[in-house]
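Visitor: Hey, got a minute to walk me through this one? I'd like to start with the cysteines and then wander a bit.

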Amino acid sequence: MISAQPHFLCGRFELDLFWPRVMAIINLTDDSFSGDGLKGDVAAALLQAEKALEEGADMLDIGAESSRPGSSPIPEAQETERIVAAVEALRPLGSPLSVDTMKPAVMRSALAAGADMINDIAGFETPGAIEAVAGGACGLCVMHMQGKPRTMQRAPRYDDVAAEVAGFFAERVRTLTAAGVAHGRIVLDPGFGFGKSAAHNYSMLKHLGRFAVDGLPVLVGLSRKSMLGAIIGAQSENRLIASVAAAVLAVERGARIVRVHDVAATVEALKIWRACVEAI
């Protein structure tokens with residue numbers, strides 16, 4: 001079922017989320033779990049971004065620090081250098097630019113360079129993070145993560161994963177709006193694979209509608225993740241069909257933005273889904 005969703009205020013853009021949007025992953029990291037890290041090569045990132053937009057992506061998400069299970073942080077200066085160079089190179093493409101970072105200093109530099117959105121896997125809980133974003137017009141993606149990337153998959157535990165994640169969102173939305181962030185600037189990401197077992201992830205996917213706290217849009221990142229491999233027994237590079245299936249299931253359950261590696265296949269699948277929804 002489709003329900004009317006608010007417009008998403010995202011820097012230079014106001015995005016209508018009545019129909020779902022596809023966010024393409026532009027990965028500048030050295031050690032991506034999906035094997036597509038560009039090791040800081042901004043020229044390669046520009047080519048990948050151009051291809052993604054040609055294939056139908058609506059947004060671009062740039063990351064320079066791996067958040068795969070077991071990963072360690074990179075120096076702030078290195079992350080900042082890569083992010084700023086990429087934002088400056090990709091901004092002329094005219095697409096909303098999201099930056100995936102949990103460091104307030106990187107957030108400030110990215111926004112100064114022209115980023116439209118900050119995608120924070122730490123849910124803007126790091127000291128200084130809210131202050132870095134509250135006063136501007138950028139969109140915010142608030143993600144839930146239990147623990148830290150280096151340790152998050154060491155036996156994660158929940159009594160009720162959907163209820164606990166929804167409760168986290170309610171608290172973060174209250175905190176952000178109290179700091180002056182308009183509701184229209186916020187999207188919520190339940191954080192598939194971030195401190196969750198495969199069972200937790202599938203429970204969240206089944207109950208995805210519970211995460212639209214205060215009617216806010218939900219963003220999901222399921223592409224190539226281990227929860228898919230747990231079912232089909234394939235490595236990350238061989239999870240295309242499963243990734244597309246998961247994206248369609250998420251949209252069917254209310255996701256308004258899907259963050260993906262494989263843009264063309266996802267866009268095609270969502271065209272078929274939309275045709276079915278619009279049929280008389």
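**Cysteines, sheet and pocket**

Guide: A search of the whole structure, which is a predicted model, turns up zero disulfides.

Visitor: Why is C138 not bonded to C10?

Guide: They're too far apart: the sulfur of C138 is 8.2 Å from that of C10, its closest cysteine sulfur, while a disulfide needs the two sulfurs within 2.5 Å.

Visitor: And what about C141, how far off is its nearest cysteine sulfur?

Guide: That's C10 again, with its sulfur 10 Å away, and C141 is in no disulfide.

Visitor: Is C138 buried or exposed?

Guide: C138 is buried, at 4% relative accessible area. C141 is buried too, at 0%.

Visitor: Switching topic: what's the strand order in the sheet?

Guide: It goes β8-β7-β6-β5-β4-β3-β10-β9, an open sheet of eight strands with parallel pairing. The edge strands are β8 (186-189) and β9 (219-220), each pairing on one side only.

Visitor: How many bridges join β3 to β4?

Guide: Five, between residues 21-27 of β3 and 59-63 of β4, running parallel. In that pair, N27 stands opposite G63 of β4.

Visitor: Now pockets. What's the volume of the second largest?

Guide: About 210 Å³. Its lining includes D16, W19, R21, D58, K271 and R274.

Visitor: Which element gives the largest share of that lining?

Guide: α9, with five residues. Both β3 and α9 (263-278) supply at least two residues each.

Visitor: And how does the lining split by class?

Guide: Six nonpolar, five charged and one polar residue in the second largest pocket.

How values were computed
Residues numbered from 1 in each chain as written. Predicted model: local features only at pLDDT ≥ 70, side-chain atom pairs only at ≥ 80, totals over all residues. Heavy atoms only, no water. Buried < 20%, exposed > 50% of the residue type's maximum accessible area, 1.4 Å probe, protein only. Pairing = 2+ DSSP bridges. Helix = DSSP H or I, 4+ residues; strand = E, 2+ residues; numbered from the N terminus. 1 Å grid on protein atoms, 1.4 Å probe; cavity = no way out; pocket = protein on both sides within 12 Å on 5 of 7 lines; lining within 4 Å. Points joined across faces, edges and corners; volume = space filled by probe spheres on them. Nonpolar A, V, L, I, M, F, W, Y, C, P; charged D, E, K, R; others polar.
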